[in-house]
Amino acid sequence: MTIQAAQRMGLRCLSLDPDVQSPASQLAPSILANLDDGTAIARLLQQCEHVTLENEFIPADSLRKALDESNVHPSILMPSVGTLAIIQDKWVQREALTRNGLPGPRAFPVSHAHEGGFPVVLKSRKGGYDGKGVRMIKNAEELANTVAEIQPDAWMAESFVPFRRELAVMVSIASDGAVQTFPTMETVQVDGVCSLVFPANVDASEIAIEAVRAVQGRGLFGVELFELDNGEIQINEIAPRPHNTGHYTLDWGGISQFEQHVRLCMNWPLSQETGQPTCMANLLGQPGAGDFRQAIQAAIQAVPDAHVHWYGKALSKPGRKMGHINVVGDNARPRAESARAAFYRGWVSETP
Ligand SMILES: Nc1ncnc2c1ncn2[C@@H]1O[C@H](COP(=O)(O)OP(=O)(O)OP(=O)(O)O)[C@@H](O)[C@H]1O
Ligand SMILES: [Mg+2]
């Protein structure tokens, strides 16, 4: 979606991609290689004027080596390799947030996981997404069983936060320090996967900006937050890229997170343009799913002004994020949920 925004402004894009079938490779040329392939990263750096990331999984060390090898200026990369190194290890990220006085769950090594009582959360330090790499541990027995399955050094423990709801803020910080934030959104997760995103009617932008500053962030960041019963806001984690909780901006009528991302990478001025209250519902892969086009038809038959986005991923697996639906304006949330329900009915009922 960043490539689509860049192409609309006439920019030519190249991606590093392990799979030619991927959504990015369907839109623009790609270098086919694994994301930690230093030689391929170096080739990409040499061929591009500006480079960014759509996930935080490229090891910072591979990027550092590739930057040295390719002899390009590190500033072509946004976010910086330093920020990426902090964020991609949840333990190091939590240390940076805590050092800067930002509230959040207490983190401790897995060997000390029992010390704060139960429940406790175990998290893979690197590579987690959609709740993969997050385990909620209710008691000592579950802890022992889980510890036996994992590599304890690659994981961390975190105190459980009894949040009232989860929030998210997209934060842009330009190279010159200019700041923009998108509205604070409420996010609903089901089984660790984001399901719904809609306006939260609170403003958590201040703490979100501080979180990004704590990791010396320049670029676009999704900041995930916990709101407690007393209204206190704590930081869950930061993503150094466009984020699922910002997908509603594709249709809200203001600037999209993807165009803002392109502006940040190009060192162009930021837009402060806002849009209408909008709700986004994720479309997850379903068992027995048929033709997605029948599903789109069903969704827009039910809610004619629903905007369906389909990513064109080659493989639909149950639970995988395959697309999303945006609905703008009054009653956006119930209408987005109706459109999604119709989508799923149309998707799985189709005769093969
Ligand atoms: N310390 C905690 N206390 C309570 N709930 C938590 C805690 N940490 C995580 N969670 C729950 O688990 C979800 C996933 O955790 P987290 O965001 O750390 O993992 P992730 O897999 O990297 O996330 P994402 O889905 O954003 O990729 C959170 O959105 C939240 O619902
Ligand atoms: Mg998360």
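**Ligand 1, its surroundings and the remaining empty space**

A polar side-chain atom of E158 sits 2.9 Å from a nitrogen atom of ligand 1. This distance, like every other value reported here, comes from a predicted model. Two further contacts involve oxygen atoms of the ligand. In one, an oxygen of ligand 1 is found 2.7 Å from a polar atom in the backbone of G131; in the other, a ligand oxygen lies 3.0 Å from a side-chain N or O atom of N236. How much of the ligand does the protein bury? Taken alone, ligand 1 exposes 610 Å², and the protein buries 92% of that area.

The shell around ligand 1 holds 22 residues, and those that come nearest are K123, G131, E166, E224 and E237. Sorted by class, this shell contains 9 nonpolar, 6 polar and 7 charged residues. Several strands contribute to the shell: at least two residues each are supplied by β4 (120–124), β5 (134–137), β6 (155–159), β11 (219–227) and β12 (233–239).

Attention can now turn to the empty space within the protein. A search for cavities of 30 Å³ or more returned a count of 1, and the volume of the largest cavity is about 50 Å³. Its lining is made up of K90, Q93, R94, K123, M156, E158, N236 and E237. Some of these names will be familiar from the ligand: K123 and E237 belong to the residues that come nearest to ligand 1, E158 makes the contact with a ligand nitrogen, and N236 makes a contact with a ligand oxygen. The lining of this cavity comprises 1 nonpolar, 2 polar and 5 charged residues. At least two lining residues come from each of α6 (90–99), β6 and β12, with α6 giving the most, namely 3 residues.

Elsewhere, the second largest pocket encloses about 180 Å³ of space. Its lining consists of 14 residues, of which A5, R8, L250, S256 and E259 are the closest to the pocket centre. Two elements, α1 (2–8) and α9 (257–266), give two or more residues to this lining. Of the elements, α1 gives the most, with 3 residues. By class, 6 nonpolar, 5 polar and 3 charged residues line the pocket.

The salt bridges come next, with a count of 17. One of them pairs E56 with R241, whose closest N and O atoms are 2.5 Å apart. Because E56 is in the loop between α3 (38–47) and α4 (60–70) while R241 is in the loop between β12 and α9, this pair ties together parts that are 185 residues apart in sequence.

A look at the backbone rounds off the picture. The peptide bond from M78 to P79 is cis, with an omega near 5 degrees, and P79 has its place in the loop between α4 and α5 (81–87). Another cis peptide bond links F118 to P119, with omega at about -5 degrees; here, P119 belongs to the loop between β3 (107–109) and β4. Positive phi angles also occur at residues that are not glycine. D130 has a phi of about 50 degrees and lies in the loop between β4 and β5. For N267, phi is about 60 degrees, and N267 is located in the loop between α9 and β13 (278–284).

Key. Residues numbered from 1 in each chain as written. Chains lettered and ligands numbered in written order. Predicted model: local features only at pLDDT ≥ 70, side-chain atom pairs only at ≥ 80, totals over all residues. Heavy atoms only, no water. Near = heavy atom within 4 Å. Polar contact = N/O pair within 3.5 Å; in protein donor to acceptor, adjacent residues only side chain to side chain. Areas by Shrake-Rupley, 256 points an atom, 1.4 Å probe, with all protein chains shown as cover. Helix = DSSP H or I, 4+ residues; strand = E, 2+ residues; numbered from the N terminus. Nonpolar A, V, L, I, M, F, W, Y, C, P; charged D, E, K, R; others polar. 1 Å grid on protein atoms, 1.4 Å probe; cavity = no way out; pocket = protein on both sides within 12 Å on 5 of 7 lines; lining within 4 Å. Points joined across faces, edges and corners; volume = space filled by probe spheres on them. Salt bridge = Lys/Arg side-chain N within 4 Å of Asp/Glu carboxyl O.
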